[in-house]
Amino acid sequence: MSRFALALITLLLCTIPAAAAPLKISVAEFKVTGAAGKDELKGALQSMLASRLAGENLQVVGASDTPDMTVIGTYIVFGKVFSLDGQVVAHNGSVIGRAFEQGEAADDVIPAIGRLAQKLTGIIGKTTGAVLDTPKIPAASPLRTVPAAGPSVAPAPPADIVRPVPIEVAKKEADIIRPVQVTRAGDSGMIGQRIDGVMIGMVQVRRVDKGSRDLVVALEKELRFYHQEKNLNLLDTEKGFGDTEKIISIDCADLDDDGVQELYVTAFNGDQLASRVYLLENGRFKKVAKELPYFFRSNSAKGKGRKIYAQEMSVNEDFYGALYEVVKTGSSFTTRNPLKLPRFANIYNMNQFPDKDGKNLFVMIHPDGYLTVYDEKGERLWKSSDKFGGSEVAFSREDVQNMSTTGNRYRKRFIEQRITVTESGEIIVPKNEGTFVVGDNRVYDKSSVYAFAWNGASLEELWHTRVSQNYLSDYSYDSEHKELVFLEVVKKAGVMENGATAVVIKRVE
């Protein structure tokens, strides 16, 4: 072989890039503060985070294997709230980035660890070899100046402004979150009008034209009928509820197709169901049934046609048996077509939607707050990593058999936010959040609404509204005009104060 050929082969071999070796990552034992079982948690959290760190060019190793980077984690608990913090440190001692997650209960820890791992993986994936190879410069003495030594490497951005992967993905139209466009105020001009009293429920009974609608709102002991144009005009009130009676929800439908909407008011008398049905005739409430032993909820069956469903209550169970379809015949009401519900589902926390093959699926806000999807056999298909729902509306029932354990004669049962399924298959779910939500003590102070679509394996977010600094007590979705009508509590009731609520309209675009 000639010297020229040999030199050429040598040159080509030198210019072929070597495959980049995977980054070696070590996870240190967690530092735990304020939690019981510290010794067990240190290793358990370390193991969980290490198993969830994943990347194409990332290898999790032990501390003795000379890692390129080390993740230092802390777990801090304050009462019921916890914070998980992760710091990525290079082998030269420089801090590459930080991330954190927080939650409100022990069952949030595992999902929070998963989310923290995703954030840390994103930070590690953006790290260049130059950052790892640059020696850490010691702090300069106040009596001497460290001379410049070539081009400087920009430090990692602070944790508060780290751009997570979802922000970059949001540039793609398919996954984009559009809070500004989605939640722009409706053209009706009805941005928000303050109403005296704390409202617990609302229904839109009729849409007159683009700029006006009829609404019925419920307080605990009162119904109000409003006509909305630029302002809300009160047309009628119904105050015929006694001292021991209490409204917990309101729904509407025209079950007999006579052009007149019926109002289905779920109410209690003491700790027993005593629901009512009203008609709206000539702008006035007309009671047609009372003392009905049912919970009522309006749902669109698989997104098509509004129906009223009913569920009963037993001596020991708050929500008993199957879900039934309500039938109106004249002034009488009967039930038919029992529907067996998945475990933990009740009339308030679920809805149905069809998958791509037309099979019936259930979407439910689980008692632990997570959004879940079940098939017809009751098998869970999917569970969210974030909590949804959240309501301050509840009813109380006598609970003498557990009084020795709880110390209370009555148990409180909170109903859940309504889940809406549209004709296009969108699943709309509210989310209330609060700083003090423990047991029977619930105070929510901010809210948002999310829309999802089922992709065959999980629910994908389509859009969500910007966070409102108010508790959302109820809402209605106008699918024809693509508008959300919110009932937001802007002032909580007190001993000497009635509280206040606002009707807010936002357009989905």
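These legends describe an overall view and two close-up views of a predicted protein model. Residues are numbered from 1 along each chain as its sequence is written, and side-chain values use heavy atoms, leaving out hydrogens and water. Because the model is predicted, local features need pLDDT of at least 70 and side-chain atom pairs count only at pLDDT 80 or more, while totals for chains, interfaces and linings use all residues.

**Figure 1. The whole protein, with seven helices and 35 strands.** Helices (H or I, at least four residues) and strands (E, at least two) are DSSP runs, numbered from the N terminus. Of the 509 residues, 44% are buried (under 20% relative accessible area, 1.4 Å probe, protein chains only).

**Figure 2. The packing of helix α2 (residues 38-52) with helix α3 (residues 109-125).** Their axes, lines fitted to C-alpha atoms over the stretch in contact, lie 9 Å apart at an angle of about 50 degrees. The two helices are therefore oblique to each other, a term for angles that are not under 35, over 145 or 65 to 115 degrees. L45, M48, L49 and R52 of α2 meet V109, I110, I113, G114, A117 and L120 of α3; contact means heavy atoms within 4.5 Å. By class, these residues are eight nonpolar, one polar and one charged (Ala, Val, Leu, Ile, Met, Phe, Trp, Tyr, Cys and Pro count as nonpolar, Asp, Glu, Lys and Arg as charged, and the others, Gly among them, as polar).

**Figure 3. The surroundings of T372 in strand β23 (residues 370-374).** T372 is buried, with a relative accessible area of 1%. Leaving aside residues up to four places away in sequence, T372 touches F362, V363, M364, H366, R380, W382 and K383.

Technical notes:
Buried means under 20% relative accessible area, exposed over 50%, partly exposed in between (1.4 Å probe, protein chains only). Axes are lines fitted to C-alpha atoms, for helices over the stretch in contact, and angles run from 0 to 180 degrees between N-to-C directions.
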